[in-house]
Amino acid sequence: MNPALSVIFLTTLIGIGQGLFLALFTQQSYALFDLLPHQDARFYGWGSLLALLFTMAGLVASFFHLGRPERAWRSAAQWRTSWLSREVIVLPAFMGILFLYGASHLSGLDPVLVTLPSGLGINATVILGGIATMLAFALFVSTGMIYACLRFLQEWHTPLTVINFILLGGASGFTLATLYAAILAPAQTGFLGGWAIIITLLGLLGRSSSLWRNARLRPKSTLQTAIGIKHPRIVQTAQGAMGGSFSTREFFHGKKASFLHAIKPAFMVLAFGIPLPLLLISMSQPSVWLLGAIFILQYTGLLAERWFFFAEANHPQNLYYQTIG
Amino acid sequence: MTQLALVIDLNVCVGCHACVTSCKEWNTSGAAGPLCDENPYGADPTGTFLNRVQTFEVGQYPNTETVHFPKSCLHCEDPPCVPVCPTGASYKRKQDGIVLVDYDKCIGCKYCTWACPYGAREIDEKQKVMKKCTLCVDRIYDTSLAEIDRKPSCVKACPTSARLFGDIHDSESAVSQAIRENGGYALMPEWGTHPANHYLPRRKTHLKIHEDELERADNPLKVDGKLPKPSKSEPTLDDVTSW
């Protein structure tokens with residue numbers, strides 16, 4: 001496929017937003033059970049608004065993918081069958097609850113709504129955070145399933161696609177949360193940094209598994225099934241147009257195979273190889289600058305990873321477009 | 001239930017592209033607006049087509065065969081492009097099985113093209129909506145046209161009758177018979193899309209000779225019953241007569 005910048009930015013930016021929120025709410029959940037000190041409301045409030053900014057940036061990027069953005073509202077119609085439609089519904093829902101979660105913290109309007117039998121008071125932000133957590137995962141699943149549900153794009157048609165969207169979004173979000181904590185609540189850097197390391201490690205495992213799997217795929221469609229002629233040697237001599245068409249532009253990345261081979265180790269190093277040891281170092285010596293550098297390096301790596309994710313997928317329609325003529 | 005479809009006979013397609021130009025002409029002139037081209041006379045021309053003819057070489061020289069392969073939307077019976085559409089612009093008509101795009105609802109997200117293994121859809125780069133073969137839905141039901149003209153324009157244009165049009169769910173239709181009797185097949189059966197359009201393979205060409213081609217039907221001698229029947233040993237008329 002030909003990777004579209006709009007979709008690369010959409011999927012990576014909302015991933016950071018979701019991950020950052022999940023990190024903040026993880027801390028709040030621990031604090032709820034007194035496993036960690038409860039932070040100032042501003043820590044959660046501004047943090048969730050920062051997450052909201054990332055999801056908004058992703059939403060803006062997504063509009064650049066549409067030919068007719070003024071009709072975007074129509075895309076919520078087919079939620080019964082289309083994962084894209086589901087994403088279109090879940091993303092604003094997540095953003096809305098995220099806003100309420102942040103606003104509730106910042107405004108101090110956080111009454112205890114339910115008291116558990118144990119005497120534990122459940123605040124409004126806990127309930128809002130719980131809903132937002134479910135929506136964050138629903139959004140990860142919707143985004144991943146947009147790609148994983150396309151059965152003839154064999155590179156994507158695997159549960160690993162959804163798992164990796166969750167892990168990679170989570171890794172970048174928790175890394176950002178660690179940086180955020182280093183600035184506003186240095187005592188929490190270790191907790192969030194620890195989770196960032198664990199999720200980045202899981203991301204490395206998940207992405208390596210999908211790379212391993214995809215390297216061993218055998219395409220189900222061949223030129224023989226594409227045109228229905230049983231002969232071992234079929235060569236296209238003309239594709240019906242000399243000047244190229246939508247079908248030649250949309251489904252091929254246009255880069256050399258050497259570029260594709262080079263970008264694979266590059267994103268593995270940037271997204272996992274460098275951030276992991278640096279995160280470990282920053283566990284003992286937290287530094288805002290170092291964590292900032294880790295976040296930027298990892299995000300750059302994840303941009304390259306998402307580019308490769310699209311470029312690697314080989315659409316069977318390419319069988320019909322191999323020779324200009 | 002009706003499922004309209006094309007049956008394309010690769011045995012007689014000569015790759016003349018008449019169906020391509022005829023399709024373009026009809027579909028760029030309709031109420032839905034033009035099928036836009038960009039730089040049609042420039043260095044890098046490109047444009048929107050609903051039908052294309054491709055050419056493949058099968059075999060190793062000198063045992064090769066050139067196969068011309070017309071390709072348009074196959075109007076799958078289980079179209080993967082329809083459920084993925086977020087707006088419902090892509091739909092399959094219940095009454096005749098034609099897969100269509102509502103150009104007023106399409107947001108141009110291109111997701112349907114990702115979901116089509118055949119590359120049958122092309123975005124109109126100027127109108128920014130998805131375009132695809134409509135089986136000339138604006139022709140085949142047009143009662144202002146003569147009955148014989150109510151066919152897709154590609155079918156009308158084909159000089160070798162390589163394109164048949166009809167209902168493949170009607171077992172007595174010409175298309176169903178052609179599929180049944182001439183080994184009609186569907187493309188990429190491995191994905192379970194059940195394309196409605198079928199292709200007829202290359203096969204031994206049978207010459208059909210009608211009775212009146214063997215013996216001249218309007219021979220005046222035959223009409224009058226005076227056909228001379230000399231025995232083989234007798235001299236013929238040419239032997240005994242100088243004209």
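This section describes one helix pair and one glutamine in a predicted model.

Two packed helices are described by the angle between their axes and the distance between the axes. In chain A, helix H1 spans residues 5-32 and helix H6 spans residues 189-215. Their axes are 11 Å apart and meet at an angle of about 125°. An angle over 145 degrees would count as roughly antiparallel, and 65 to 115 as roughly perpendicular. H1(A) and H6(A) are therefore oblique to each other. Their crossing is right-handed.

The contact draws on residues from both helices. H1(A) contributes Ala23(A), Thr26(A), Gln27(A) and Tyr30(A). These meet Phe191(A), Leu192(A) and Trp195(A) of H6(A). By class, the contact of H1(A) with H6(A) holds 5 nonpolar residues, 2 polar residues and no charged ones.

A second site centres on Gln224(A). This residue belongs to helix H7 of chain A, which covers residues 223-227. Its relative accessibility is 22%. Buried residues fall under 20% and exposed ones over 50%, so Gln224(A) counts as partly exposed.

Beyond its neighbours within four places in sequence, Gln224(A) is in contact with Ile229(A), His231(A), Pro232(A), Arg233(A) and Ile234(A). Of these, His231(A) also offers its backbone oxygen, which lies 2.5 Å from a polar atom of the Gln224(A) side chain. Another histidine, His65(A), is 159 residues from Gln224(A) along the chain. The C-alpha atoms of Gln224(A) and His65(A) are separated by 34 Å.

Notes. Residues are numbered from 1 along each chain as its sequence is written. Chains are lettered from A and ligands numbered from 1 in the order in which they are written. This is a predicted model: local features need pLDDT of at least 70, side-chain atom pairs count only at pLDDT 80 or more; totals for chains, interfaces and linings use all residues. Side-chain values use heavy atoms; hydrogens and water are left out. Helices (H or I, at least four residues) and strands (E, at least two) are DSSP runs, numbered from the N terminus. Buried means under 20% relative accessible area, exposed over 50%, partly exposed in between (1.4 Å probe, protein chains only). Contact means heavy atoms within 4.5 Å. A polar contact is a pair of N or O atoms within 3.5 Å; within protein, one must be able to donate a hydrogen and the other to accept it, and residues adjacent in sequence count only if both atoms are side-chain atoms. Axes are lines fitted to C-alpha atoms, for helices over the stretch in contact, and angles run from 0 to 180 degrees between N-to-C directions. Angles under 35 degrees count as roughly parallel, over 145 as roughly antiparallel, 65 to 115 as roughly perpendicular and the rest as oblique. A crossing is left-handed if the near helix is turned anticlockwise from the far one by less than a right angle, and right-handed if clockwise. Ala, Val, Leu, Ile, Met, Phe, Trp, Tyr, Cys and Pro count as nonpolar, Asp, Glu, Lys and Arg as charged, and the others, Gly among them, as polar.
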